[in-house]
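The following note sets out several points on the model for a colleague's consideration. They concern strand contacts, nonpolar cores and helix packing.

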Amino acid sequence: MRFAMGDQESMSGRAHQGTVFKPLGEDDPQHVAGYKLAARLGAGGMGKVYLSYTPGGRAVAIKVIRPDFGQDAEFRRRFAQEVQAAQRVQGLFTAPVIDADAEAEQPWLATAYVPGPSLADAVAQHGKLPVQTVLLLVAGIAEALQIIHGAGIVHRDLKPANVLLAADGPRVIDFGIARAADATSLTSSGVTIGTPSFMAPEQAAGSHVTPATDIFALGQLTAYAATGKAAFGEGTSHGVLYRIVHEEPDLTGLPDELRELVTRCMVKEPESRPSVAEILSICQAANAETVLRRPEEWLPSAVAAEITTRKAAPAPPVTPA
C-alpha cells in the first residue's frame with residue numbers, strides 16, 4: 001500500500017521559525033536544470049524540496065524525486081501524466097506547477113513558492129484555529145478542489161501538510177502527484193510513504209478512488225483544523241486504517257457550526273458525500289453571510305507572523321563574474 005507524500009516545506013516534520021530555509025548539504029545539488037538552488041525546504045518519502053528562483057526573480061519550490069523512484073519506468077510514466085494534468089490547474093487557491101522534467105535522471109517539478117506555514121505546522125505550533133478561520137480555510141480548499149477535479153485530477157493526498165496558509169487564503173499543493181507512486185515496484189513491495197491518517201475508507205480498503213475521496217479528506221482536515229487532532233486518532237498505520245474503514249470519527253470538541261459540514265463529508269459511502277458546491281453553501285450558511293468575505297487578516301496573528309518569516313527567503317545565488 002502507498003501512503004502519502006510530503007509538502008512544500010515540512011516534509012520531514014514541523015518547520016520552526018529560523019529553520020524554514022536550511023542550507024544546502026554536501027549531498028544536495030547546486031542546480032536543477034537551469035535553476036540554482038538557494039536553500040532546502042524539506043525532505044520526505046518521495047524526495048527533497050528546494051527553494052529557487054525563476055530568471056525574473058520569482059521564488060519557486062522545486063521537488064526533486066529520489067533516485068529509486070526515478071529508476072522505476074512505471075513511476076516515470078505516471079509522473080509525466082500527472083504533471084501534464086497538474087499544469088492545467090490554475091486556481092486561485094492552488095500553487096501552480098510551472099515547470100517539470102519527467103525525463104531527467106532525477107525527475108523534478110517546480111511550483112510557485114508559497115510564503116506561509118502548512119496547516120500541519122500551524123496547528124502543531126499554535127493549536128486549533130478559530131471557527132471563522134476554519135470556514136474560510138474550507139471554502140478556499142473547496143474552490144481549489146473544484147478546479148483540480150475539473151481538470152480530471154483526484155488529489156488523493158489532501159492532508160494538513162499539503163495545505164499552505166498564505167496571507168490571502170489557503171493554497172492546495174501536490175495535487176495528483178501522489179498517484180505516480182501507486183503500483184510502482186517500490187510501493188507495491190511494501191514501501192510506505194508518510195501517514196494514512198487522512199485517507200478515505202475506499203483508499204484504506206484499496207478500492208476505487210474518485211473526487212469524493214478528496215471530500216472525505218476535506219472533512220478530516222476541517223476537524224483537524226478546528227480541534228487540533230486527527231479524527232481517527234494516532235498510532236500504527238494499520239490501526240488508523242482500521243478505524244477509518246470500520247469506526248466513526250472522534251469529533252469531541254468540534255464546534256457546532258462545523259458539525260454538519262464534517263459529518264456529511266465523512267460519510268463512509270463515497271456517493272453520499274456532498275459536492276464541492278454543497279460544501280461552499282454549507283460554509284456560507286454557517287458564516288451567516290450571503291457571500292464568504294475573505295478579510296486580509298483571516299489568520300490568527302501568531303500564524304500570520306509565520307508568513308513574514310517565510311517571506312524572508314534567501315537571495316538567489318550570485319553567479320561569479
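**Points on packing in the predicted model**

1. In this predicted model, A59 touches L51, S52, Y53, A112 and Y113, leaving aside residues up to four places away in sequence. A59 belongs to strand β4, which covers residues 59-65.

2. A59 also has a distant partner in sequence: K311 is 252 residues away along the chain, yet the two C-alpha atoms are 9.8 Å apart in space.

3. The largest nonpolar core holds 75 residues, of which F79, L119, I141, L158 and I279 touch the most other members. Helix α4 (residues 131-150) supplies the largest share, twelve residues. Both domain 1 (31-114) and domain 2 (119-184 + 194-306) give residues to this core, so the core lies between them.

4. With residues up to four places away in sequence excluded, I279 touches V138, A142, I215, L218, L261, C265 and P274. A second core, separate from the largest, has eleven residues, among them F21, A38, V49 and A59.

5. Helices α7 (residues 211-227) and α9 (residues 256-265) pack with their axes 7 Å apart, at an angle of about 145°. Their crossing is left-handed. On the α7 side the contact is made by I215, F216, G219, T222, A223 and A226, and on the α9 side by L258, L261, V262 and C265. Eight of the residues in this contact are nonpolar and two are polar, with no charged residues.

6. Points 4 and 5 share some residues: I215, L261 and C265 are touched by I279, and I215 of α7 and L261 and C265 of α9 take part in the helix contact.

Terms used:
Residues numbered from 1 in each chain as written. Predicted model: local features only at pLDDT ≥ 70, side-chain atom pairs only at ≥ 80, totals over all residues. Heavy atoms only, no water. Axes fitted to C-alpha atoms, helices over the stretch in contact; angles between N-to-C directions. Helix = DSSP H or I, 4+ residues; strand = E, 2+ residues; numbered from the N terminus. Left-handed = near helix turned anticlockwise from the far one by under 90°. Contact = heavy atoms within 4.5 Å. Nonpolar A, V, L, I, M, F, W, Y, C, P; charged D, E, K, R; others polar. Core = buried A, V, L, I, M, F, W, Y, C linked by side-chain atoms within 4.5 Å. Buried < 20%, exposed > 50% of the residue type's maximum accessible area, 1.4 Å probe, protein only. Domains from an automatic or database assignment.
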